[in-house]
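I've opened a fresh notebook page for this one. Here is the structure I'm looking at.

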Amino acid sequence: MTALVLDAPGAFRLVETGTGAGTGAGQPAPGPGDARVRVHASGICGSDRELYQGNRPEGYVRYPVTPGHEWSGTVEAVGAGVPEALVGRKVVGEGFRNCQVCDRCHAGDTTLCTAGYEETGFTQPGAMADTLTLPARLLHPLSDDADLGAAALLEPAACIAAAALKARARPGDRLAVVGTGTLGMIAVQFLAAVSPERLLVVGTRPDREQLSLDFGATDFRTRDQLSDQLSGYDVVIETAGSASAARSSASLLRRGGRLVLTGIPAAGADGLDPTDLVVRQIEVQTVFGAPPAAWSHAVRVFDAGLLTLRPLITHELPLTDFASAIELVGSGDPAVGKVLLRPQGLG
């Protein structure tokens, strides 16, 4: 069994964790309440590059660590107290390791757990490995015919599901998405599903126009095509992760509109104008991770065939090509979308 370990920023190695190949032989049995998943694919996103480069905020990483918080796989073993019926099921899983007993956890806001931050792939072992063991309560089973490659994108989809739930968009609303990366393209699909009057997509990549329209957008603009006349939107979801994108998003809103921020700008970035927010009575929501309700929503939409994720994947590489995969993600090449690592190989 093989796992990728980041000992420190820029320093990684592949380690052997067991002796069996493909059967779980040589692997420790899952503990009570746990399940062991054979990983099919693990996605790479900007936060994984932060992990690799060493610029993830203090307190949100613990080296050495096996990365991988976007993943899919099949349950191969369960511990005491976990239904045996899970064995053999295709699954994805929540990343936040919440305590389950604090006030926020009892309210369902598990990403706000007061016991402190713990997340798969950042402070706990992640899915850039043949297998991943985690609490079975975090698993979300998929349909038997689910595309496991596409399902590896359900973690970002769950984050967007959280944004869509907070946005409270209704049929006939005027909606916009700022950002045309993986999160943005998923957000277009969630918002298109509510039958808006119009759905604008704003980004820096003109090559995303056709895909945006295919996913349900009614209009596409690059950032330099925005003007003061382009406003009056009821809801804007921002996915670009820059302070300028957040400000552009706010400028699109009508008075009393709702803004949902999902991107995380660099530390020290200039924020939104509080005077503008107050005078125009803008409602601002933010998303960091996804609680169980958002995960359930994303999985249900995916299993119903209403969420198209496969076209967002442009590269699949074996785990041994981690260095190449990280470089691809940071290359700035518009031909690079979601990059997946396949611990079991590409066969």
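My entries below cover one strand and its neighbours, then some salt bridges.

Ground rules first: this is a predicted model, where local features need pLDDT of at least 70, side-chain atom pairs count only at pLDDT 80 or more, and totals for chains, interfaces and linings use all residues. Residues are numbered from 1 along each chain as its sequence is written, and side-chain values use heavy atoms, with hydrogens and water left out.

**Strand E11.** I looked up E11 (residues 233–238); strands are DSSP runs of at least two residues and helices (H or I) of at least four, numbered from the N terminus. Six of its six residues are buried, so E11 is largely enclosed by the rest of the structure. Buried means under 20% relative accessible area, exposed over 50%, partly exposed in between (1.4 Å probe, protein chains only).

I then checked E11's partners, where pairing takes at least two DSSP bridges. Strand E8 (residues 174–178) runs parallel to E11 over four bridges, and valine 178 has glutamate 238 as its bridge partner. Strand E12 (residues 253–261) is also parallel to E11, over five bridges.

**Salt bridges.** I used this cut-off: a side-chain nitrogen of Lys or Arg within 4 Å of a carboxyl oxygen of Asp or Glu. The count comes to 18. In one of them, glutamate 76 meets arginine 36 at 2.6 Å, N to O. Glutamate 76 is in strand E4 and arginine 36 in strand E3, so the pair ties together parts 40 residues apart in sequence. Both residues are buried.

I also found arginine 310 bridged to glutamate 316, closest N and O atoms 3.0 Å apart. Bridges with shared partners join Asp147, Arg310, Glu316 and Arg342 into one network.
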